[in-house]
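Me: I'm new to this structure and would like a close look at a single part of it. Could you pick out the strand I should follow and walk me through what surrounds that strand?

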Amino acid sequence: MTLLLFSYLYYENQYIFFMEPRIVGESKEELVGRNNANFDESIQKVDKSMMYRDLSTVIICPTRGLFPTRVVQSWMKMMKPMNQLVAGPIFAESMEVAKAYNELMKYVFDNPYLTNYKYILTIEEDNIPPPDGLIKLYEGIEEYDAVGGLYWGKGEEGFPMIFGNPEKPGDMSPQKPLKDTLQRCNGLPMGFTLFKMEMLKDIEGTLFKTKQEVGEHGEEFNLTQDLYFFQKAAKKGYKFACDTRVLVGHYEHQTDEVW
């Protein structure tokens, strides 16, 4: 009896909420639908989303074999392009990060099926992308050769991981993010970054390398595998951007905090 009463009240309230007293008209929007009635605006949305183009994507991830629950949950929530090919994640386990990425790229390039995909998305085991993050990255990839989400280094003094003033070739210093825009830069991290496959295949030699060197005057020179790649790619004229609408969390397992 209680269940029946609850069901009646629920559906009665739903009815009252959605079906206010009115005369059912025959306006253009009611007959053909909101999107058809606003056709030009709707087509602009389709163009922006690139949903009608080939968005085939391979997702790759280097890992130590540790997957925090909230990171995996964000991957499961990630929206994929409708009726498009998305493969992965494909994992490389227990390798130094540069070696892992080189092996993953080789695996994709050598695979007769995956090598024909259009894009590669890199994710990492401590990054939490938003559900619509990949969909938004597609919007900027036509103009640039790699587009990544925005996240910050871990800790109170963490810096924005968008690197290099594009007016200064070779510069890889952290840049001040501009809100809600596609911001050109010289380098990106790889926790949530979309790459054009054709660019990756065009770069000769080792794609990723972690450099830790000491110069002839004793100066230290450190370069992570991601920025090593972007320096090489920039010399061939490729362009990169950070989509600051795509806000990515950076998870610290030891403290259970997201930066």
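Reply: Here is a walk that starts with the whole chain, settles on strand β10, and then moves out to what lies around that strand.

A quick word first: this is a predicted model, so take everything below as a description of that model. The chain has nine helices and 12 strands. Of its 259 residues, 41% count as buried. If you look at contacts in the chain with a separation of 6 or more, 74% of them come from residues 24 or more positions apart.

Now for the sheet that holds β10. It's an open sheet of seven strands, and reading across you get β2-β1-β3-β7-β5-β10-β6, with mixed pairing. At the edges sit β2 (86–93) and β6 (182–185), and each of these pairs on one side only. On average, neighbouring strands of this sheet are turned by 25° against each other, if you ignore direction.

In that order, β10 sits between β5 and β6, so let's take those two sides in turn, as DSSP bridges are what define the pairing. On one side, β10 (residues 240–247) is joined to β5 (residues 146–150) by five bridges, and the two run parallel. One spot to find there is Val147, which stands opposite Ala241 in β10.

On the other side is β6. Four bridges join β6 to β10, and here the strands run antiparallel. Look for Ala241 again: in β10, this residue is the bridge partner of Arg184. So which residues make up the covered and uncovered faces of β6? Gln183 and Cys185 are on the covered face, while Leu182 and Arg184 are on the uncovered one.

Next, look for the helix that lies across this part of the sheet. That's α9 (residues 225–235), which lies across β5, β7 (192–196) and β10. Its direction is about 130° to β10.

Helix α9 is also a good guide to the pockets. The largest pocket has a volume of about 550 Å³. It is lined by 24 residues, and the closest to its centre are Arg64, Glu124, Glu125, Asp126 and Lys154. The elements giving two or more residues to this lining are β1 (57–63), α9 and β11. Sorted by class, the lining has 11 nonpolar, seven polar and six charged residues.

The second largest pocket holds about 230 Å³ of space. There are 14 residues lining this one, with Pro169, Gly170, Asn186, Ala234 and Lys235 the closest to its centre. Both β6 and α9 supply at least two residues of that lining. Which element gives the most to it? That's α9, with four residues. By class, you'll find eight nonpolar, three polar and three charged residues here.

One last stop is β11, which came up at the largest pocket. It belongs to an open sheet of three strands in the order β4-β11-β12, with antiparallel pairing. The edge strands there are β4 (127–128) and β12 (257–258), each pairing on one side only. Two bridges join β11 (residues 249–252) to β12, and Glu252 stands opposite Glu257 in β12.

To pull the walk together: β10 pairs with β5 in parallel and with β6 antiparallel, α9 lies across β10, and α9 lends residues to the lining of the largest pocket and of the second largest pocket.

Notes: Residues are numbered from 1 along each chain as its sequence is written. This is a predicted model: local features need pLDDT of at least 70, side-chain atom pairs count only at pLDDT 80 or more; totals for chains, interfaces and linings use all residues. Side-chain values use heavy atoms; hydrogens and water are left out. Axes are lines fitted to C-alpha atoms, for helices over the stretch in contact, and angles run from 0 to 180 degrees between N-to-C directions. Contact means heavy atoms within 4.5 Å. On a 1 Å grid over the protein atoms alone, a cavity is a set of points where a 1.4 Å probe fits but cannot get out, and a pocket is an open set with protein on both sides within 12 Å along at least five of seven lines; lining residues have an atom within 4 Å of a point. Grid points are joined across faces, edges and corners, and a volume is the space filled by probe spheres set on the points. Ala, Val, Leu, Ile, Met, Phe, Trp, Tyr, Cys and Pro count as nonpolar, Asp, Glu, Lys and Arg as charged, and the others, Gly among them, as polar. Buried means under 20% relative accessible area, exposed over 50%, partly exposed in between (1.4 Å probe, protein chains only).
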